[in-house]
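Let's take a walk through a protein and see what its atoms can tell us. Have a look at the picture first, then read on.

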Amino acid sequence: MSLNFLSSDDPAALSIAQASALLASGQLRSTDLLQAVLDRIQAVDGVIYSYLRHDWESALAAAEAASARAREGRRIGPLDGIPFAVKDNIYTKGLATTAGSRVPQRHDPSLHATLVARLQAAGAILVGKLNTWEYGTGTGAVHFDLENPPACNPWNPRHFTGGSSSGSGAAVAAGTACFAIGTDTGGSVRLPAAACGVVGLKPTFGRISRHGVMPNCWSFDGPGPLALTVEDACLVYEAIAGHDAADPASLACGVQPLLPTLNDGVAGLRVGVVRRLDPADSVEPAIDEALNQACDMLRDQGAQVRDIQLPLAPADFRAIALPINRSESFSIHEQDYLEHRTLMGRALREKLEIGMYMRAADYLAALRQRRELVARMDALFGDVDVLLLPMTDRVAPALTDEQAVIDFTARSAGSPFSLTGHPAVSVPAGFDDNGLPVAVQLAAGFLQEARLMRTARAVERHFTPQPRRAQVVSR
């Protein structure tokens, strides 16, 4: 196996924490960090297609302001001067949001997502809008029928990135953004993170404001960070989490900081291990080996590790989630479908057509089943502190293998925690023999992000003590 890492001498290869330390000490200027990221975009984005559009002029002005603050000892915080990008279903004033679609968008161009405003208030620099499945949703298939090419995996551009935050995963892995924000309805932050070998966090439902984010499914939608490291994901989470009156689903309770306990270890934690996503199926050997290694490491560090079963197989969670997801998606986008369906790509159009014919009885039955599953998962988190399980049963497939691409999504473990709203994170766990990223997933009880992320930190230290971004080699 030969891996192509971006040179550690390139500022675009730095983690947020590394870059922030250099910015604070004066060894790196924000303008130089931004230029490294822009150079990286120019060098590799013609291969991986992580972006749909940029605003380099505004980014350069923001970098100049951040550099001036650093010179004067007025840095706002750890994200000050750090370039980032957002999925193109997140609205940004002054920078168009098309949701990866030809369909004319109806949103107010002055709409600015709360999470983007919070990141900019923390000094982070918005570079542009990232590739996405159309409207941030679909059937799971890639049909190559949209205006822009699909994002490609930086570790092997012939392979899938996962979706729907496809450009977000690609950008973080390749260094075309220091971090990214995606949205997760059924795994759409965690799947690209798993496919691209980065960290993807879906917090507790309602923990991060959805104001200014195109809705897909009101019951499940939640933004989340994709970052190079667990620490980086925590830095971004702490900047954007918290109550927002503009989001009716926003949680009003305070946000527990993650960084103070990040390195506290796992001694005494009760870890439940789910070894198979479906009892009838197996996982690829590299994923199975990663799960075994993670179990051994956690035991060695003092955790109590035991095998358990989810209340249902992930496929059964997904079967309950789909009527809710499809019905709500159609109710949100009905007008666009009726007026502009000929402009839509096949994956979005087919999903909305399924939603159009979904029975109210099936939707209501799924809501009742969901309530029961939330209670059962809460009971499970009374017996264990953290769950460890595969994120997917395979590594990222070839982008042109339509059925494998669909199966990568459909047979993942994304749906259970989207359906119940519990926090979950995908953590890199090495590479397979072909150099494609392997990942595991961790989940915890409601509002237990601190416990979740310190466990993720222990897993990260075992598998990737020095996380690196992909060099990107066209194959």
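## A tour from the inside out

Leaving aside neighbours within four places in sequence, His422 is in contact with Lys202, Pro203, Val374, Met377, Asp378, Phe381, Phe417, Ala444, Gly445 and Phe446. Keep in mind that this is a predicted model. His422 sits in the loop between α13 (415-420) and β10 (424-431). Is His422 buried or exposed? It is buried, because its relative accessible area is 0%, and the cut-off for buried is under 20%. You can also look at how the chain folds back here: His422 and Phe220 are 202 residues apart along the chain, and their C-alpha atoms are separated by 11 Å.

Now for Arg190, which you'll find in helix α6 (residues 190-196). Arg190 counts as buried because its relative accessible area is 0%. Apart from neighbours within four places in sequence, Arg190 has a list of contacts that includes Asp184, Gly200, Lys202, Met391 and Phe417. Further names on the list of Arg190 include Ala413, Gly414, Ser418, Ala424, Val425, Ser426 and Gln441. Lys202 and Phe417 are among the contacts of Arg190, and both names turn up among the contacts of His422 too. Arg190 and Ser412 lie 222 residues apart along the chain, yet 9.9 Å separates their C-alpha atoms.

Next stop, Ala177, in the loop between α5 and β4 (179-184). With 0% relative accessibility, Ala177 is buried as well. If you skip residues up to four places away in sequence, Ala177 touches Val37, Tyr51, Pro83, Phe84, Ala85, Ala171, Val172 and Arg469. Leu452 is 275 residues from Ala177 in sequence, and the two are 25 Å apart in space, C-alpha to C-alpha.

Thr114 belongs to helix α4 (residues 114-121). Thr114 has 12% relative accessibility, so it counts as buried. What does Thr114 contact, leaving aside its neighbours within four places in sequence? The answer is Ser209, His211 and Asp244.

Here are the relative accessibilities of some of the residues on this tour.

| Residue | Relative accessibility | Class |
|---|---|---|
| Thr114 | 12% | buried |
| Ala177 | 0% | buried |
| Arg190 | 0% | buried |
| His422 | 0% | buried |
| Leu447 | 32% | partly exposed |

## Some odd backbone angles

Most residues other than glycine have a negative phi, and most peptide bonds are trans. With that in mind, check out Ala99, which is not a glycine but has a positive phi of about 55°. Ala99 lies in the loop between β2 (83-87) and α4, and it is buried at 0% relative accessibility.

Leu447 is another case: its phi is near 65°, a positive value in a residue other than glycine. You'll spot Leu447 in the loop between β11 (437-444) and α14 (449-463). Leu447 is partly exposed, because its relative accessible area is 32%, and partly exposed covers the range between the 20% and 50% cut-offs.

Then there's the peptide bond that joins Gly163 and Ser164: it is cis, with omega at about 10°. Ser164 is in the loop between β3 (125-130) and α5 (166-174).

## Empty space inside

Rolling a probe the size of a water molecule over the atoms shows where empty space is left. How many cavities of 30 Å³ or more does a search of the whole structure find? It finds five. The largest cavity holds about 70 Å³ of space. Its lining comes to 13 residues, and Lys202, Pro203, Thr204, Phe205 and Gly222 lie nearest its centre. Sorted by class, that lining has five nonpolar, five polar and three charged residues. Lys202 and Pro203 may ring a bell, as both are among the contacts of His422.

## Stepping back

Finally, the whole protein. Its secondary structure comes to 14 helices and eleven strands. The C-alpha trace spans about 60 × 60 × 50 Å along its principal axes. A compact globule of 475 residues would have a radius of gyration near 23 Å, and the protein's 20 Å agrees with that.

Of the 475 residues, 60% are buried. Among contacts with a separation of 6 or more, 79% are between residues 24 or more positions apart. As for the outside, the protein exposes about 17100 Å², and carbon and sulfur atoms supply 49% of it.

Technical notes: Residues numbered from 1 in each chain as written. Predicted model: local features only at pLDDT ≥ 70, side-chain atom pairs only at ≥ 80, totals over all residues. Heavy atoms only, no water. 1 Å grid on protein atoms, 1.4 Å probe; cavity = no way out; pocket = protein on both sides within 12 Å on 5 of 7 lines; lining within 4 Å. Points joined across faces, edges and corners; volume = space filled by probe spheres on them. Nonpolar A, V, L, I, M, F, W, Y, C, P; charged D, E, K, R; others polar. Helix = DSSP H or I, 4+ residues; strand = E, 2+ residues; numbered from the N terminus. Rg over C-alpha atoms; globule rule 2.2 N^0.38 Å. Buried < 20%, exposed > 50% of the residue type's maximum accessible area, 1.4 Å probe, protein only. Contact = heavy atoms within 4.5 Å. Areas by Shrake-Rupley, 256 points an atom, 1.4 Å probe, with all protein chains shown as cover.
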